[in-house]
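Welcome, and please bring the model up in your viewer. We will go from stop to stop, selecting a residue each time and looking at what surrounds it.

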Amino acid sequence: MAFFRPRVSREAEVRYHADIEISKTFPELLAKAREAELTVRELRAADVDDIELLAAGRAFDKALTEALRGAEAGQRATFGVKAYDDRIARRKAKATPAGAEWSAEVERLRTLREENRLWGMPRVPRAIPAAY
């Protein structure tokens, strides 16, 4: 008796292996985001001007975005290769302890990034060129 085992697509396998490689850099990316957050907090405590705070906020946003990409890659890799093609496999994998841990980390980073975008970067008026 032959058993039918549905194979995953070649594209899913390639994306899975790429996500594994990306997720290996997640701890480094998270450390960079923490350093950028510390810089923003120190600048706020020092009561610097808005231009410096805006630059630090943008650097923090960039670091958070990179860390978020690494976390999302780790989440997808944890879900497994079948989860790239099958939404039911993705939902089942999300319910595992490792999947729930990565999902919580992704949501935490998304929330932190949105909070920084809304409240962390000051609004600085644009310079209006003088018309002669």
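Which side chain does glutamate 13 join in a polar contact? Select glutamate 13 and arginine 7 together: their side chains are joined by a polar contact of 3.5 Å. Keep in mind throughout that this is a predicted model.

**Stop 1: around glutamate 13**

Stay with glutamate 13, which sits in helix 1, residues 10-23. Its relative accessible area is 19%, and since buried means under 20%, glutamate 13 counts as buried. Now show its contacts, leaving out residues up to four places away in sequence: glutamate 13 touches Arg7, Val8 and Val81.

**Stop 2: the whole chain**

Zoom out and colour by secondary structure. You should find five helices and zero strands in the protein chain, so the order of elements from the N terminus reads α-α-α-α-α. Turn the model along its principal axes, and the C-alpha atoms fill a box of roughly 85 × 40 × 20 Å. The radius of gyration of the protein chain is 20 Å, whereas a compact globule of 132 residues would have one near 14 Å.

Switch on the surface next. The accessible surface comes to about 9,700 Å², and carbon and sulfur atoms hold 56% of it. Of the 132 residues, 36% count as buried. If you colour by charge, there are 25 positive and 22 negative charges to find, with mean positions 8 Å apart. A contact map is worth a look too: among contacts between residues at least 6 apart in sequence, 75% join residues at least 24 apart.

**Stop 3: the loop at aspartate 47**

Select aspartate 47, in the loop between helix 2 (26-46) and helix 3 (50-79). Check its backbone: aspartate 47 has a positive phi of about 55°, although it is not a glycine. Is this residue buried or exposed? Aspartate 47 counts as exposed, because its relative accessibility is 67%.

**Stop 4: leucine 53**

Move on to leucine 53, which has its place in helix 3. Leucine 53 is buried, with a relative accessible area of 11%. Leaving aside neighbours within four places in sequence, its contacts are Val40, Leu43, Arg44, Val48 and Pro122. Draw a distance from leucine 53 to proline 122: the C-alpha atoms are 7.1 Å apart in space, while the two residues are 69 apart in sequence.

**Stop 5: two residues of helix 5**

Asparagine 116 is our next selection, and it is found in helix 5. What does asparagine 116 touch, not counting residues up to four places away in sequence? Its partners are Gly57, Phe60, Asp61 and Met121. Asparagine 116 is buried, with a relative accessible area of 5%.

Finish with glycine 120, which lies in helix 5, residues 97-120. Glycine 120 counts as buried because its relative accessibility is 5%. Not counting residues up to four places away in sequence, glycine 120 touches Arg44 and Glu115. Arg44 is a residue you have already met, as one of the contacts of leucine 53. For a last distance, pick the C-alpha atoms of glycine 120 and arginine 58: they are 9.1 Å apart in space, with the two positions 62 residues apart in sequence numbering.

How values were computed:
Residues are numbered from 1 along each chain as its sequence is written. This is a predicted model: local features need pLDDT of at least 70, side-chain atom pairs count only at pLDDT 80 or more; totals for chains, interfaces and linings use all residues. Side-chain values use heavy atoms; hydrogens and water are left out. Helices (H or I, at least four residues) and strands (E, at least two) are DSSP runs, numbered from the N terminus. The radius of gyration is taken over C-alpha atoms; the globule rule is 2.2 Å times the number of residues to the power 0.38. Buried means under 20% relative accessible area, exposed over 50%, partly exposed in between (1.4 Å probe, protein chains only). Contact means heavy atoms within 4.5 Å. Accessible areas come from the Shrake-Rupley method with a 1.4 Å probe; for residues, only the protein chains shown count as cover. Lys and Arg count as positive and Asp and Glu as negative; His and the chain ends are not counted. The place of a charge is taken as NZ of Lys, CZ of Arg, CG of Asp or CD of Glu. A polar contact is a pair of N or O atoms within 3.5 Å; within protein, one must be able to donate a hydrogen and the other to accept it, and residues adjacent in sequence count only if both atoms are side-chain atoms.
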